[in-house]
Amino acid sequence: PPQLEFRIPKPPTVLSAGGGRVLVYELHLTNFGASPVTVRRLEVMADGETHPLVALQDSALARTLARPGVAPAPPLMTRAIVGGGLRAVAYLWVPVSDAAPARIRHRAIVTRTAGGDTVVTDTLDRAVTSVSAAVAVVGPPLRGGPWLAANGPDPMAGHRRALIAAADIPTIAQRFAIDYVKVDTAFKTHSGDPAKNDNYYAEGLDALAVADGIVVVTKDGIPENVPGENSRAVPITLETVGGNHVILDIGGGRYAFYAHLRPGSLKVKVGDRVRRGQVVGLVGNSGNSTEPHLHFHISDSPSPLGSEGIPYQHDRFDLLGRCAPTFSGCTVGAARQRAREMPLGFELVQFPR
């Protein structure tokens with residue numbers, strides 16, 4: 001058989017969002033053979049079942065795949081060709097019913113050349129993994145709104161695919177991260193001179209503890225950027241990427257990360273015990289940030305990037321509408337209350353005041 005390793009670095013936890021439930025995780029496919037292997041079809045199914053929860057092939061499969069370390073990036077329809085010693089990563093987004101399976105398995109149909117022009121097709125059933133339903137229910141990280149959940153959970157979001165080897169092994173701490181930017185009724189994030197942080201609606205607003213916890217990491221003293229795509233006040237490294245930030249241990253192996261805070265605005269120090277709703281700092285524009293906003297995520301260790309992002313649920317928020325990733329094409333309607341869900345990418349939400 002082809003020497004194709006299947007590996008799931010972080011077994012999925014059920015994500016409740018958008019009125020449904022989904023499994024968000026990655027399948028690493030590494031070719032330990034010398035000859036290329038082409039993935040033709042990838043299926044995910046509940047363990048013990050034969051009908052797939054999702055089946056990917058052709059362009060749908062290609063859009064799911066990324067090829068780490070391959071430069072330049074392969075064209076879309078050749079991403080499924082995995083050469084000897086190379087890897088493909090499938091970024092999976094699998095809808096499930098309310099009765100999510102306790103375990104899932106994976107089937108790949110692959111082809112390879114075996115001597116001359118002979119093409120061999122193999123069906124590989126591998127990679128059984130558990131599915132967890134144990135998700136934290138937390139409060140809001142901010143007050144009021146409207147807040148745009150920019151770069152939030154979405155199959156193609158930049159956060160979703162931020163695979164970084166920050167602590168020796170590749171992880172995706174930002175798997176469920178959201179960049180919250182505050183907008184007005186015209187869906188603008190600022191008024192007046194766009195080069196001034198104080199003209200942005202998010203600047204200086206309270207960032208709130210989403211749960212009772214203990215402060216385990218703080219960083220302060222990084223100056224704010226001038227708003228703009230390429231304007232950074234300090235060189236961006238693993239130490240400065242989050243800007244001024246706070247990390248809370250909220251129990252159960254979960255750590256809440258608040259990034260890009262305003263310098264000098266932290267209201268807590270390491271070792272402090274905080275209560276849900278307590279102000280931990282003020283929203284700013286420090287670190288790897290283009291304008292004032294709050295980057296928020298929860299992960300399984302206190303390392304901002306060397307951890308695995310995990311989903312969570314807000315006990316409630318109002319869904320107001322949705323914008324296109326370009327901040328244009330926003331549509332709003334009557335507020336719809338959501339309970340025990342998290343916002344999806346580019347949804348417009350309002351938190352309790």
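**Fold, sheet and buried residues in a predicted model**

Student: How many positive and how many negative side chains does the protein have, and how far apart do the centres of the two sets lie?
Tutor: In this predicted model, the protein carries 36 positive and 32 negative side chains. When the centre of each set is taken, the separation between the two centres comes to 2 Å.

Student: What radius of gyration does the protein have, and why does it agree with a compact globule?
Tutor: The C-alpha trace spans about 65 × 45 × 45 Å along the principal axes of the protein. For 353 residues, a compact globule would be expected to have a radius of gyration near 20 Å, and the protein agrees with this because its own value is 21 Å.

Student: Which strands stand at the edges of the open sheet of 10 strands?
Tutor: The secondary structure comprises one helix and 26 strands, and 10 strands form an open sheet with antiparallel pairing, in the order β20-β17-β18-β19-β22-β15-β12-β26-β24-β25. A strand at the edge has a single partner, so one of its sides is left without a neighbour in the sheet, and this is the situation of β20 (273–274) and β25 (331–338).

Student: Within that sheet, which residue in β22 stands opposite Tyr 255?
Tutor: Strand β19, residues 254–261, runs antiparallel to strand β22, residues 294–299, and five bridges join the two. Across from Tyr 255, the residue in β22 is Ser 299.

Student: Is Glu 291 buried or exposed, and what is its relative accessible area?
Tutor: Glu 291 is placed in the loop between β21 (279–282) and β22. Beyond its neighbours within four places in sequence, Glu 291 is in contact with Val 181, Thr 189, Tyr 200, Gly 284 and Asn 285. Since buried means under 20% relative accessible area, Glu 291 counts as buried, with a value of 16%.

Student: What separates the C-alpha atoms of Glu 291 and Glu 229?
Tutor: These two residues, Glu 291 and Glu 229, are 62 residues apart along the chain. In the model, the separation between their C-alpha atoms is 8.4 Å.

Student: Why is strand β4 largely enclosed, and which residue in β9 is the bridge partner of Arg 41?
Tutor: Strand β4, residues 37–46, has eight of its 10 residues buried, so the rest of the structure largely encloses it. β4 pairs in the antiparallel sense with β5 (residues 54–57) over four bridges, with β7 (residues 81–82) over two bridges, and with β9 (residues 103–113) over eight bridges. In β9, the bridge partner of Arg 41 is Ile 109.

Methods. Residues numbered from 1 in each chain as written. Predicted model: local features only at pLDDT ≥ 70, side-chain atom pairs only at ≥ 80, totals over all residues. Heavy atoms only, no water. Rg over C-alpha atoms; globule rule 2.2 N^0.38 Å. Lys, Arg positive; Asp, Glu negative; His and termini not counted. Charge placed at Lys NZ, Arg CZ, Asp CG, Glu CD. Pairing = 2+ DSSP bridges. Buried < 20%, exposed > 50% of the residue type's maximum accessible area, 1.4 Å probe, protein only. Contact = heavy atoms within 4.5 Å.
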